[in-house]
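Me: I am new to reading protein models. Please take a close look at one part for me, and then show me what lies around it.

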Amino acid sequence: MTSALPIGNDSAHAVFAAAMASGSLHHAWLFAGPEGTGKARFARAAALRLLAEAAAPGMLPPGFDIPESNQTRRLIEAGSHPDYREIKRLPKESDKTGQELARSITIAQVRGLLPMFAMKPSLSPRRVVLIDAIDDVERPGASNALLKSLEEPPAGTIFILISHAPGRLLPTIRSRCRTLRFDPLGSEDMRAVIQANLGQATDAEVAALVRAGAGSPGRALGFAGLDLAALDDALAAIARDGDRSNARRVKLSKALAPKAAQPRYEAFLDRAPAFIAEMARGQHGERLRVALDSYDAARALSTTARALSLDAQGTVYEMAGLVAKLAVPA
């Protein structure tokens, strides 16, 4: 765990800092906003600050930074702090690492908090439970088990729930929480995050990642190393000039078809519909209708291709054909 704050959403950070300073911190917080906007990183920094401050009142510098020598920080980073729990999806095979994750956070994981709740916090008057993400909690069993703890919170317990889609949560869970909203980052903040993580990226690649991230640094960094700029250039050429000879579509589909190109193919399935949406902005009349129809078709194709494991070469060719429809007739 690191105490360094993520770039962006300074107002959300300030709201939580003010709540901590007020001395009347709500017992349950819902950090809500698009995936990849720094909610989880801030939640971990906030949890660390809450526990470190409770263990040594008035001894820490202002802000969220905690010295590396701090005992609370060392315990949390070692995974051995008795008053901190982080609940998230586990690997399908618990004895293996790097495996595919389970579909949900189970009722057993939520009930596993009960022994801790039966005792007072060990190192200070406070404990923190972080759930990343509450969207993944199994319904109805695990959600109902958690709701009981939110309704009757154990003394000194602060819950931080991370949600990428708060509208899908049980209303009873939302109503027990104070919501802290995280917004998509602006272009300058996006660029700063990408450059901080990818110091060797070219200007063209950074620009492509900023566009692809759509305000989510986490999403953008997931595309790192896939030469997204080249994919954007290929799509732009097809959208600009069309592809009457089919040569550009064939070239692109062959480039993304091999198994070794699977990560770039996956990125293409995300990027192509977003590219069409970007091209639709500023269009009017018939051109706008064509762009919107192409966007709907591209989103459906992307979803179907993943769900049914469609042939990559054929999928790319068809998707590029939708992009070609954006070209202005000569």
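Reply: Here is a walk along one helix, followed by stops elsewhere in the chain. Keep in mind that this is a predicted model.

Start with helix H11, residues 228–241. H11 has 14 residues. At 1.5 Å a residue, helix H11 should span 20 Å. Its end C-alpha atoms are 20 Å apart, so the expected span and the model agree.

Which residues of H11 are buried? They are Leu228, Ala229, Leu231, Asp232, Leu235, Ala237, Ile238 and Ala239. Find Asp232 in that list. The buried residues of H11 have several partners. They pack against helix H9 (203–213) and helix H12 (247–256). They also pack against helix H13 (262–280) and helix H15 (312–324).

Now look at what comes after the helix. H11 is followed by Gly242. The phi of Gly242 is positive, near 75°. Go on to Asn246, in the loop between H11 and H12. Asn246 has a positive phi too, near 70°, and Asn246 is a residue other than glycine. Is Asn246 buried, exposed or partly exposed? Its relative accessibility is 27%, so Asn246 counts as partly exposed. Buried would need under 20%, and exposed would need over 50%.

Next, go back to H9, one of the packing partners of H11. The loop between H9 and H10 holds Ala214. Ala214 is not a glycine, yet its phi is positive, about 50°. Ala214 has a relative accessible area of 61%, so this residue is exposed.

Helix H15 is another of the partners of H11. Thr315 sits in H15. With a relative accessibility of 3%, Thr315 counts as buried. What does Thr315 touch, leaving out residues up to four places away in sequence? Its contacts are Tyr265, Leu269, Leu301, Ala305 and Leu310.

Close by in numbering is Ala297, in helix H14 (residues 285–308). Ala297 has a relative accessible area of 31%, so Ala297 is partly exposed. Compare sequence and space here. Ala297 and Arg244 are 53 residues apart in sequence. Their C-alpha atoms are 20 Å apart.

One charge is worth finding. The charged end of Arg249 sits over the ring of Tyr317. The distance to the ring centre is 5.1 Å.

Rings also pair with rings. The model has eight aromatic pairs. Take Phe16 and Trp29 as an example. Their ring centres are 4.8 Å apart and their planes meet at 65°, so the pair is edge-to-face. The cut-off for edge-to-face is over 60 degrees. Phe16 lies in helix H1 (residues 10–22), and Trp29 lies in strand S1 (residues 28–32). The pair therefore ties together parts that are 13 residues apart in sequence. Phe16 and Trp29 are both buried.

Phe16 has another partner, Phe42. These ring centres are 5.9 Å apart, with the planes at 90°, so this pair is edge-to-face as well. Phe42 belongs to helix H2 (residues 39–55), while Phe16 is in H1, so the pair links parts that are 26 residues apart in sequence. How far are these two residues buried? Phe16 has a relative accessible area of 0%, so Phe16 is buried. For Phe42 the value is 0%, so Phe42 is buried too. Step back, and a group appears. Phe16, Trp29, Phe31, Phe42, Phe64 and Phe182 form one aromatic cluster.

H2 also leads to a pocket. H2, helix H8 (187–197) and helix H10 (217–222) each supply at least two residues to the lining of the largest pocket. About 570 Å³ of space lies in that pocket. Its lining has 25 residues. Which of them are closest to its centre? They are Gly36, Thr37, Gly38, Ala40 and Gly218.

Last, check the backbone for cis peptide bonds. One joins Asp132 and Ala133, with omega about 10°. Ala133 is in the loop between strand S3 (127–132) and helix H6 (141–151). The peptide bond from Arg139 to Pro140 is cis too, and its omega is near 0°. Pro140 is found in the loop between S3 and H6.

Definitions and conventions
Residues numbered from 1 in each chain as written. Predicted model: local features only at pLDDT ≥ 70, side-chain atom pairs only at ≥ 80, totals over all residues. Heavy atoms only, no water. Helix = DSSP H or I, 4+ residues; strand = E, 2+ residues; numbered from the N terminus. Buried < 20%, exposed > 50% of the residue type's maximum accessible area, 1.4 Å probe, protein only. Phe/Tyr/Trp six-rings, centres within 6.5 Å; stacked < 30°, edge-to-face > 60°. Lys NZ or Arg CZ within 6 Å of the ring centre and 35° of its normal. Expected span 1.5 Å × (residues − 1). Contact = heavy atoms within 4.5 Å. 1 Å grid on protein atoms, 1.4 Å probe; cavity = no way out; pocket = protein on both sides within 12 Å on 5 of 7 lines; lining within 4 Å. Points joined across faces, edges and corners; volume = space filled by probe spheres on them.
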